Amino acid sequence: MNKKLIALFLALLMASPLLASCGDDKPSSGSKETKPTTETGASGEFAEIDKYVNELAASSGSYNGKTFNILTRESEYPANDEVTGDLQQDALYNRNRKIEEVFDVKIDKLIVTGEGYPDGSTGYEMAEKLRLDTLSTTGDYDLCIGNISNGGSTMLTQGSIRPIDETTIFNFDKSWWLNDLQNQFSVGGRSYFLSGKLVTSHYMDASAVIFNKGVASQYNISADELYDTVKNGEWTIDKMNELASVVPTNGDIWRYYARQGLNLYMSGGNMVSNKDADDMPIIPSALTDDQMTFINKISGFLSDKTQNIFLDGKAIEEGPESKYTAEDAFADNKFLFWLDTMGKPIDLLEKEVEFGIIPMPKKDDTQTDYIAFSNGQNTTAAFIPKAVKDEEMTAYITEAMAALSEKYLEPAYYDKVLKGRASESPNERRMLDLIYSSKKYDLADIYKWGELTMTIGSSIVEGVDTLTSSYKATYRMALSELNNTISQIQKAE
């Protein structure tokens with residue numbers, strides 16, 4: 001029986017009354033207003049995802065034990081060949097075993113280490129392997145998962161990966177994909193990067209505010225009131241400063257820890273690069289008056305060493321040889337608000353400190369949505385190799401991996417960062433949902449055009465007196481690098 005007949009037969013079976021016990025389940029709306037991932041229904045937890053994946057398998061047909069080869073880094077593939085008790089590794093393991101079971105495939109992997117490549121970069125190694133695979137047209141890899149900035153951008157400009165908009169199998173309205181995925185990464189209407197819940201960096205690179213519950217309680221700031229402020233849409237920079245102002249600036253406890261201010265700038269609705277009517281990236285030649293006003297506002301408190309512990313050399317020793325780190329200071333109740341990424345809560349798990357997580361604040365009450373600026377330098381995505389032998393199989397399995405990541409990977413991270421309280425802490429889970437559903441990238445940050453993002457971010461913390469001139473100088477380099485990137489992409493097509 002050929003593949004199409006198998007697909008039709010399985011589809012008819014799934015539609016029969018005897019097997020349609022889940023028939024009353026409504027399909028996912030795809031809304032980016034996320035709901036608690038542990039929500040249960042009449043047919044059990046995650047029934048809609050299981051149903052959707054089974055439908056994908058019915059459409060694709062069985063692959064009869066075929067090997068599905070993934071070129072990736074170890075962080076994106078389980079090191080263990082069995083369940084070990086590590087939440088995240090076990091989640092990856094269980095997700096992949098489910099894929100193998102449903103699609104009748106065997107997932108194999110080639111793990112890149114970066115050994116022998118410049119700076120030990122896995123990105124260089126991955127890009128080179130995909131370049132050679134493209135030249136030879138052997139199609140050794142069915143999927144590649146790696147860093148966009150370090151490797152992915154090179155794969156794109158050298159013509160080693162395929163556009164993701166050439167297949168109709170991906171359903172980018174589903175909640176397991178990055179919101180507005182195609183538009184966020186596209187250049188000239190073409191997009192090549194698949195990101196969202198299927199990659200582990202999704203849970204690490206988004207900006208957020210981590211607050212110390214002990215310090216908050218000391219100054220009568222209620223965690224529940226903070227959560228309610230966020231849910232009511234009233235969490236703004238002014239509100240954050242109002243709450244932080246109860247902490248005296250006497251050098252005993254600080255209000256903030258912020259290494260740079262780009263996350264606050266971007267979460268206030270600003271972008272370093274934009275798009276024109278043809279979906280081509282553009283960089284303004286100068287910052288607007290409104291942007292400079294906003295930058296001066298946030299720099300006013302982030303560049304004040306009586307408020308930002310990062311600037312006080314006596315409080316924290318920065319650098320690889322640090323003996324007293326930001327994590328140590330936070331655990332010692334030395335500051336209230338930590339403006340950083342979602343990777344930091346993992347670093348705090350071994351510390352004896354209670355913390356909460358909330359989105360980055362809005363610019364003001366006219367801003368409609370929270371924005372979680374995500375660090376482009378740490379962004380991982382899946383890529384479809386140019387020389388892939390069966391693009392349809394890659395699309396079906398990658399879509400299923402993304403869906404099952406919402407079932408396996410997301411709950412594992414929630415449970416880990418919330419210290420096992422995920423099912424009992426709807427307020428805290430809702431905060432994570434808000435953060436992940438509002439992630440936003442900037443192409444200037446991903447491609448490192450002229451280091452403009454670094455120029456803005458560091459100036460906000462170190463002082464903005466020279467920002468106008470340094471931006472102007474950096475802009476010329478950024479524009480040249482942007483044009484070079486566009487030229488390379490067009491040539492690769």
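**Exercise 1. A charged network**

Arg421 is partly exposed, with a relative accessible area of 22%. Place its salt-bridge partner on the same scale, and name the network that holds both residues.

*Ground rules.* This is a predicted model, in which local features need pLDDT of at least 70, side-chain atom pairs count only at pLDDT 80 or more, and totals for chains, interfaces and linings use all residues. Residues are numbered from 1 along each chain as its sequence is written, and side-chain values use heavy atoms, with hydrogens and water left out.

*Solution.*
- Step 1: Fix the scale. Buried means under 20% relative accessible area, exposed means over 50%, and partly exposed lies in between (1.4 Å probe, protein chains only).
- Step 2: Find the partner. Arg421 forms a salt bridge with Glu428, and their closest N and O atoms are 3.1 Å apart. A salt bridge needs a side-chain nitrogen of Lys or Arg within 4 Å of a carboxyl oxygen of Asp or Glu.
- Step 3: Classify the partner. Glu428 has a relative accessible area of 7%, so it is buried.
- Step 4: Widen the view. Salt bridges link Lys213, Glu354, Lys419, Arg421 and Glu428 in a network. The total count is 25 salt bridges.

**Exercise 2. A long-range pair and a helix pair**

Work out which parts of the chain Lys197 and Glu410 tie together. Then do the placement for Lys344 and Asp347.

*Solution.*
- Step 1: Check the first distance. The closest N and O atoms of the Lys197–Glu410 salt bridge are 3.0 Å apart.
- Step 2: Locate both ends. Lys197 is in the loop between helix H6 (181-185) and strand S4 (207-212), and Glu410 is in helix H15 (residues 409-417), so the pair ties together parts 213 residues apart in sequence. Helices (H or I, at least four residues) and strands (E, at least two) are DSSP runs numbered from the N terminus.
- Step 3: Check burial. Lys197 and Glu410 are both buried.
- Step 4: Turn to the second pair. Lys344 and Asp347 form a salt bridge, with closest N and O atoms 3.8 Å apart. Both lie in helix H13 (residues 344-348), 3 residues apart, about one turn of the helix. An α-helix has 3.6 residues a turn, so residues three or four places apart point the same way.
- Step 5: Classify each end. Lys344 is buried at 16%, while Asp347 is partly exposed at 38%.
- Step 6: Add the surroundings of Lys344. Beyond four places in sequence, its contacts (heavy atoms within 4.5 Å) are Ile210, Arg259, Glu327 and Trp338.

**Exercise 3. Two buried loop residues**

Identify what the side chains of Asp142 and Ser186 reach.

*Solution.*
- Step 1: Place Asp142. Its loop runs between helix H4 (122-136) and strand S3 (143-147). At 6% relative accessibility, Asp142 is buried.
- Step 2: Follow its side chain. It reaches the backbone nitrogen of Asn69 at 2.7 Å. A polar contact is a pair of N or O atoms within 3.5 Å; within protein, one must be able to donate a hydrogen and the other to accept it, and residues adjacent in sequence count only if both atoms are side-chain atoms.
- Step 3: List contacts. Beyond four places in sequence, Asp142 touches residues including Thr67, Phe68, Asn69 and Pro385. The C-alpha atoms of Asp142 and Leu71 are separated by 8.0 Å, although their positions lie 71 residues apart along the chain in numbering.
- Step 4: Place Ser186. It sits in the loop between H6 and S4, buried at 4%.
- Step 5: Follow its side chain. It reaches the backbone oxygen of Asn183 at 3.3 Å. Beyond four places in sequence, Ser186 contacts Ser191, Lys275, Asp279 and Leu443.

**Exercise 4. Helix H14 and the core**

Test the length of H14, then find which element gives the most to the largest nonpolar core.

*Solution.*
- Step 1: Compute the span. The rule is 1.5 Å times one less than the number of residues. For the 17 residues of H14 (residues 391-407) that gives 24 Å, and the end C-alpha atoms are 25 Å apart, which agrees.
- Step 2: Check cover. In H14, 16 of 17 residues are buried.
- Step 3: Go to the core. A nonpolar core is a set of buried Ala, Val, Leu, Ile, Met, Phe, Trp, Tyr and Cys residues joined through side-chain atoms within 4.5 Å. The largest has 149 residues; Phe103, Phe193 and Tyr265 touch the most other members. H14 gives the most to this core, with 9 residues.
- Step 4: Inspect Phe103. Among the residues it touches beyond four places in sequence are Tyr396, Ile397 and Ala400.
- Step 5: Set the scene. The protein chain has 19 helices and 12 strands, and 54% of its 493 residues are buried.
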